[in-house]
Every structure is written in C-alpha cells, then in structure tokens.
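Dear colleague,

Please find below the structure that I am handing over to you. My notes on what was found in it follow directly after.

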Amino acid sequence: MDYEAQLDIALNRLHEEGRYRTFIDIERRKGQFPHAVWTRPDGTEKEITVWCGNDYLGMGQHPEVLAAMHEALDATGAGSGGTRNISGTTVYHRRLEAEIADLHGKDAALVFSSAYTANDATLSTLRTIFPGLIIYSDALNHASMIEGVRRGGGEKRIFRHNDVAHLRALIAADDPAAPKLIAFESIYSMDGDFAPIKEICDLAEEFGALTYLDEVHAVGMYGARGAGVAERDGQMARIDMINATLGKAFGVFGGYIAASAKMIDAVRSYAPGFIFTTSIPPVVAAGAAAAIKFLKAEGGRALRERHATQAKILKMRLKGLGLPLIDEGSHIVPVHVGDPIHCKMLSDMLLENYGIYVQPINYPTVPRGTERLRFTPSPVHGAEEIDRLVRAMDALWNHCALNRAEASA
C-alpha cells in the first residue's frame, strides 16, 4: 500500500464533505472569561468571546479554585508521580473523592483521568465483575459509553433514545435471571434533552437491573447542591453508579464514578483503565475539590440561577429571529444548520467578522443532516455579549440562507 496516498485520500474526504476539524488556537485570560485571544494562522491576534466552552459556570477562573491549586502546587509540585496503586494516591485525591461521594450521596467515588476513561473502563470491567451481564444502552449515549459496552464483549441491547416502552420490551424478552444494567445519560449534550430518569429507575427496580447514569453535562448545573439532574428529580438514591466529569461545570480536569463502597472497590481492583493510568496531578485534584465544595453551597446556587437566566434570555432572543433552535429546556442552545459546509462557513464568519467563537458540530458527533452550532451561555456572558451574538446571527443567517439558495438553484 502507498501509505502517504491513503492518508491523502482519508483527509481529502473530510475536506470534501466539509467536516474537516480545525483547531482554533485561543488563550484564555485569567479573570476575563468568556473573553480570550485568538491567534490566527498568520500569527496575528484577535479579541474573541468564547461561546462553545464547557466551562459552563466559569469555575476554571474562580478565585477559590485557583487558590487551592496554588496551595497544592507549592506543597507537592507538578505531577502525582505514579498510578494510584504505586505512589500516585495523595491526600488531595482522597479529599476529592470524599467531596464527590458526598455530592452524590454515595459511599465512595473513584477519580479517573477523564470521564471518557471512567465510562470506558467501568462499563467494560463490569462484564468481568458480573458474568453474563446484559447492558441496555440508549441509542444516543456518548462514544465513551458505546466503547465501554462494546469492548467489554457480551450481550448488549440498544434501546431507542429515551424510549422507555422499547427498553421495557427489550428487558422483558431476556432471561429474568440474567444480570442486567441500564446505561444512559441525564442530559444529551447535542440536543440538550433530558432522560426520563424516574421511569427508567422504575423499570430497573421491576426487572432487577442496575442503573448507570452519565451526568457529565449536568453536574454543577442542576440540583440543590449541583449533583445533577438525578438530584433535581429526587432520583439520586436510586442510581447505582454515577459517572461525571471534573472538566466542565467544575472547570478543571478529570472524571469519576460514584457508587457503593463495594462497587468502587471492585472497579478499582479490576479496571485496567484505572490500574495502569497515572493519577491526575494533586494540583488538579485540589482545584476540583474546591470547585465542588463551592458549588454545593450558596454561591453555587446563585451561579446556577444566573446561568439559567442567561440561557433563557439567549434562547428567547434567538427564537425571536426565527432561527431553528433546538430547545429541550436545558442550558445547551443548539441552532440547527443541517449542512456541514454551511455550518463551518457560519462558524468561520462569526469568528473572523464578529469575534464570536463557536465550533461547528458535524458528523460523527451528530447524524448527517443535523449539523449545528452549539452555544453554551454562562453566568459571565452578559447582556453585551448576548447582544453581539444575536446581531451577528441575524446578519449571517440571512447571508448563508441566500448562499444555500444560490447553490441549490
């Protein structure tokens, strides 16, 4: 094989389909989020506003988080020095796991290098712990969950998105004695819709299944203490395993699971993705623990309220322009474009002409024909930033609509 030619074919295919992914080099400025500086390919710089970040509450810039990280850095240095089993467990990791367990009302928690790794490692390892396990997975589950279910081998069933009746039919058709687990998300990040958590828990209890809930896009954002949608809906105690991230609303880095002490002990003892990975740096663990602690308290409630208000305002104003907004009631604001080339065009023009940074979301992240711009407002996106975005979308949407009409003529 001509390997160079094959690489060209693979990359050119992405360019032709309009879904080649481009990294945008930005520099976040301490204390100025969501404002940042974009460095163009020619080296020139432009002031921009970030509208697609996952630091939903701006905690990556919070003084208490930064102070905790400075303290840990001065006390311990940069890295952890090893895996959790071999010199990589510190007092900072223990404090973080205690904060997580308390947040979710569970006995214990286990921190991974990312929520992706936590999902992949845990779901694949559960096959070893529970021989013959059948996993029922929502059709729109995240790639990390899909990979964990697939890599673990064994029986799996894919139920239609949020379709409890279909899930029931699949479970009812299987051996009642077989161990079962239902894996789903609380908020599906591309549409921003919620799972029917109570109904799924009811079904799990009826058929003796375990529940595994991914709260990645919900922790910090929902519930009285920011534990997620399961807390908001009063269902947290009914969830056997919760997966979430430290890199979105908590503003730092890493992922975790929370569950019973025995479940956590089994996963940490059997999961290669945990056993053979260097632990997160103590400085990161310290910052994440500080973020969780802050968001559990009154300051976190105020941030969540402010955030919800900003998301509602943005949705209302974009709807007022007649844009095809996907509004499922969450904090995520997707605008449907439906074509990868025009989606990238809108993104590029927003960045270059208006200093608004929002990445195009294309296949395989979303199905073909559902390409979109996904806006993530935060408590620090004020009236001026919202005004600028709405004016830009008003101007550019009509421009791109004209281009689409000319191209199809």
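What percentage of the 409 residues in the protein chain is made up of buried residues? In this predicted model, the buried residues account for 52% of the chain.

The protein chain contains 14 helices and 16 strands. Taken along the principal axes, its C-alpha atoms fill a box of roughly 60 × 55 × 55 Å. The radius of gyration of the protein chain is 22 Å, which agrees with the value near 22 Å for a compact globule, because that is what the rule gives for 409 residues. Among contacts with a separation of 6 or more, 71% are between residues 24 or more positions apart.

Turning to the interior, the largest nonpolar core has 62 residues, and Leu 96 and Ile 182 touch the most other members. Helix α11, spanning residues 282-296, gives the most to this core, with ten residues. Neighbours within four places in sequence aside, Leu 96 is in contact with Val 111, Leu 246, Ile 280, Ala 285, Ala 288, Ala 289 and Ile 292. A second core, separate from the one above, has 32 residues, including Ala 36, Val 333, Val 335 and Met 349.

As to the surface and the charges, the accessible surface of the protein chain comes to about 17800 Å², and carbon and sulfur atoms hold 54% of this area. The protein chain carries 43 positive and 51 negative side chains. The centres of these two sets lie 3 Å apart.

With kind regards

Conventions: Residues numbered from 1 in each chain as written. Predicted model: local features only at pLDDT ≥ 70, side-chain atom pairs only at ≥ 80, totals over all residues. Heavy atoms only, no water. Core = buried A, V, L, I, M, F, W, Y, C linked by side-chain atoms within 4.5 Å. Buried < 20%, exposed > 50% of the residue type's maximum accessible area, 1.4 Å probe, protein only. Helix = DSSP H or I, 4+ residues; strand = E, 2+ residues; numbered from the N terminus. Contact = heavy atoms within 4.5 Å. Rg over C-alpha atoms; globule rule 2.2 N^0.38 Å. Areas by Shrake-Rupley, 256 points an atom, 1.4 Å probe, with all protein chains shown as cover. Lys, Arg positive; Asp, Glu negative; His and termini not counted. Charge placed at Lys NZ, Arg CZ, Asp CG, Glu CD.
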